[in-house]
Amino acid sequence: MDGTTYDVIIVGGGSAGCVAANRLSLNPNCSVLLVEAGGRDRNPLVRLPMLMGKLFNSGIYNWRYHTEPVERLNNRSLYWPRGKVLGGSSTINGMIYVRGNRHDYDRWAQSGLAGWSHEEVLRSFLRSESHKQRQDEFHGRAGELTVCRARGVNPLFDAFIEAGQQAGYPGNDDFNGARQEGFGRFDFTIRNGRRWSAASAFLGPAMKRPNLTVMTDAHANRIVISDRVATGVEVSQSGRKFVVKTAGEVVVCAGTVNSPQLLMLSGIGPPDELCRHGIDVVHELDGVGRNLQDHVDCVLAYECTKPVTLYGDLRADRLIWSVVKGLATGSGTATTFPYEAGAFVKSRPDLVAPDIQLHFMPALEKTANLHFPNPFRKTSVEINHGFSIRVGPINPESRGSIRLRSSDPADPPEIHPNYLASRSDRDVMLAGIRIVRDVVAQAAFDHYRGREIHPGSDIDSDRELNEWLRSAAMTTFHPVGTCRMGNDTLAVVDERLRVHGIRGLRIADASIMPLITSGNTNAPAMMIGEQLAAFMADGQWQSNV
């Protein structure tokens with residue numbers, strides 16, 4: 001705003017953007033500007049893991065996107081919360097730390113993407129991580145990102161893991177260790193009982209550096225391009241529109257929805273899409289907005305015959321006290337996340353790696369909310385207590401797209417996820433449902449298992465389950481892939497994250513994934529920020545003057 005020209009402008013202060021800002025500003029000779037559409041995460045309730053569901057469903061720190069109607073889901077429009085705040089979605093997500101399967105990255109490398117094998121990306125994961133308990137070759141101890149084991153003590157977690165082993169699946173103490181397959185508990189980005197977002201871990205310490213400037217509540221309208229060189233970013237802030245300039249590079253870290261939108265608003269993308277909205281074509285790049293992938297899942301819900309679920313802990317009077325205790329001491333129910341246990345399993349034994357993920361919660365999703373007890377109404381244990389298991393394919397074949405709604409940067413883009421369009425995805429989902437039913441039928445659940453509430457044991461044939469999925473399937477909030485990395489005609493960036501055909505422009509966020517990783521995607525997004533910084537430090541940032 002004052003005419004300063006920066007060496008690097010980062011658009012988006014989310015998971016990857018915070019890492020990139022930290023790493024690039026380590027060089028005192030590199031001036032860095034971070035432009036974030038949201039504000040700072042000042043609300044203290046953001047820190048408490050148990051309140052994640054409230055953040056997802058509220059307008060706070062959230063773009064509150066909705067998809068277009070999805071054909072295979074009865075034309076339902078699904079809610080897509082995305083973080084609009086420093087830290088991005090790491091400020092409102094479930095904090096589950098899963099890197100993905102080693103085969104994910106080896107497949108990337110085998111497609112011609114040098115530097116992205118599992119062995120190579122593991123170094124980036126280790127650089128970021130500071131694990132509080134684990135000490136082995138798969139975990140870092142000196143990074144900024146605090147990671148810890150699950151801390152919940154609910155007996156249903158143990159019953160779920162034991163039942164998985166009784167059903168013939170291995171136990172697994174570490175989904176980020178030597179192997180991913182099996183039943184166990186997740187690790188979390190929680191520090192001293194509080195959410196440890198990318199902003200807390202990476203941006204907070206870096207903001208003390210004089211060469212890093214952070215601009216919040218600043219919406220990036222377009223990338224300024226001259227002769228196929230990125231020279232700046234047009235920004236709207238406090239009712240004013242202005243251009244910030246770079247002598248080096250623009251790095252877009254705006255996420256799977258906003259990154260392709262920003263490129264298209266800047267004239268980079270499929271010509272027919274740009275012309276449809278009256279946008280001049282600066283550079284034809286047909287892959288922008290394509291290749292959208294996400295994890296779709298469904299919830300199987302069961303009554304619990306004993307009052308051991310989280311329902312009692314989520315009574316308003318108890319939870320309010322737990323919030324106070326959590327903020328004051330970093331302990332108590334409010335400092336844990338309800339989906340602490342999970343599993344990675346194969347739909348077929350001949351597969352090289354798991355293709356199904358389970359998330360287990362010792363509560364019914366419909367009752368996992370703040371509520372007040374009614375002393376004048378007596379209810380049975382079964383009505384209020386239950387447990388939920390989310391199940392879905394983690395290597396989906398279905399592909400969707402992000403498209404412009406208009407040429408107005410303030411208009412949300414169209415999100416076409418195309419869930420369950422692939423027959424393979426539907427078959428894997430059905431296999432997952434039957435695996436869950438087999439697990440719940442094991443002896444470990446005999447003391448707790450009531451009736452199956454959803455979908456209900458009477459819904460059992462492929463046809464019936466597919467019909468149920470039309471009304472019940474949902475997103476796991478892991479969208480990726482809309483600015484795909486590769487070297488073919490539909491690739492948007494190369495293996496060093498440089499946008500094909502435009503100098504001084506890179507993309508670093510989950511949108512660059514050619515194939516979605518197997519599991520929760522926040523840890524891979526931060527790894528991508530590490531990779532970007534390493535690539536830029538390697539050859540320094542490219543001067544465009």
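User: Where is the place of Tyr61?
Analyst: Happy to help; this is a predicted model, in which local features need pLDDT of at least 70 and side-chain atom pairs count only at pLDDT 80 or more, while totals for chains, interfaces and linings use all residues. Residues are numbered from 1 along each chain as its sequence is written, and side-chain values use heavy atoms, with hydrogens and water left out. Helices (H or I, at least four residues) and strands (E, at least two) are DSSP runs, numbered from the N terminus. On that footing, Tyr61 belongs to the loop between helix 2 (52-57) and strand 3 (65-66).

User: Is Tyr61 buried or exposed?
Analyst: Residues under 20% relative accessible area are buried, those over 50% are exposed, and the rest are partly exposed (1.4 Å probe, protein chains only). Tyr61 has a relative accessibility of 15%, so it counts as buried.

User: And what is the phi of Asn75, and where is that residue?
Analyst: Asn75 lies in the loop between strand 3 and strand 4 (79-80), and with a relative accessible area of 52% it is exposed. Most residues other than glycine have a negative phi. Asn75 has a positive one, near 55°.

User: Which peptide bond is cis, with omega near 0°?
Analyst: Look in the loop between strand 24 (449-454) and helix 12, where Pro455 is found. Most peptide bonds are trans. The cis bond here runs from His454 to Pro455.

User: How many bridges join strand 14 to strand 15?
Analyst: Two strands pair if DSSP finds at least two bridges between them. Strand 14 and strand 15 (residues 240-252) run antiparallel, and Glu234 stands opposite Val243 in strand 15. They form a hairpin with two residues between them, and Ser238 in the turn has a positive phi of about 50°. The number of bridges joining these strands is six.

User: Which residue in strand 14 is the bridge partner of Arg222?
Analyst: Strand 13 (residues 219-226) pairs with strand 14 in the antiparallel sense, over seven bridges. This pair too is a hairpin with two residues between the strands, and Asp227 in the turn has a positive phi of about 50°. The partner of Arg222 is Glu234.

User: What is the relative accessible area of Gly232?
Analyst: Gly232 is in strand 14 (residues 229-237), a mostly covered strand with seven of its nine residues buried. Contact means heavy atoms within 4.5 Å, and beyond its neighbours within four places in sequence, Gly232 touches residues including Ile9, Ile223, Val244 and Val250. Gly232 is itself buried, at 0%.

User: At what angle do helix 11 and helix 12 pack?
Analyst: Axes are lines fitted to C-alpha atoms, for helices over the stretch in contact, and angles run from 0 to 180 degrees between N-to-C directions. Helix 11 (residues 423-440) and helix 12 (residues 462-472) have axes 11 Å apart, and they pack at an angle of about 100°.

User: What does that make helix 11 relative to helix 12?
Analyst: Angles under 35 degrees count as roughly parallel, over 145 as roughly antiparallel, 65 to 115 as roughly perpendicular and the rest as oblique. Helix 11 and helix 12 are therefore roughly perpendicular.

User: Which residues in helix 12 are met by helix 11?
Analyst: By class, this contact has six nonpolar, one polar and four charged residues. Here Ala, Val, Leu, Ile, Met, Phe, Trp, Tyr, Cys and Pro are nonpolar, Asp, Glu, Lys and Arg are charged, and the others, Gly among them, are polar. From helix 11 come Arg426, Met429, Leu430, Ile433, Arg434 and Arg437, and they meet Asp462, Leu465, Asn466, Trp468 and Leu469.

User: Which strands stand at the edges of the open sheet of four strands?
Analyst: The order of this sheet is 5-9-7-6, with mixed pairing. Strand 6 pairs with strand 7 (residues 145-149) in the parallel sense over three bridges, with Ser130 opposite Thr146. Helix 4 (residues 118-128) packs on the sheet, and its direction makes about 60° with that of strand 6. The edge strands, each with a single partner, are strand 5 (96-97) and strand 6 (129-131).

User: What is the radius of gyration of the chain?
Analyst: The radius is taken over C-alpha atoms, and the globule rule is 2.2 Å times the number of residues to the power 0.38. For 545 residues a compact globule would be near 24 Å, which agrees with the chain's 23 Å.
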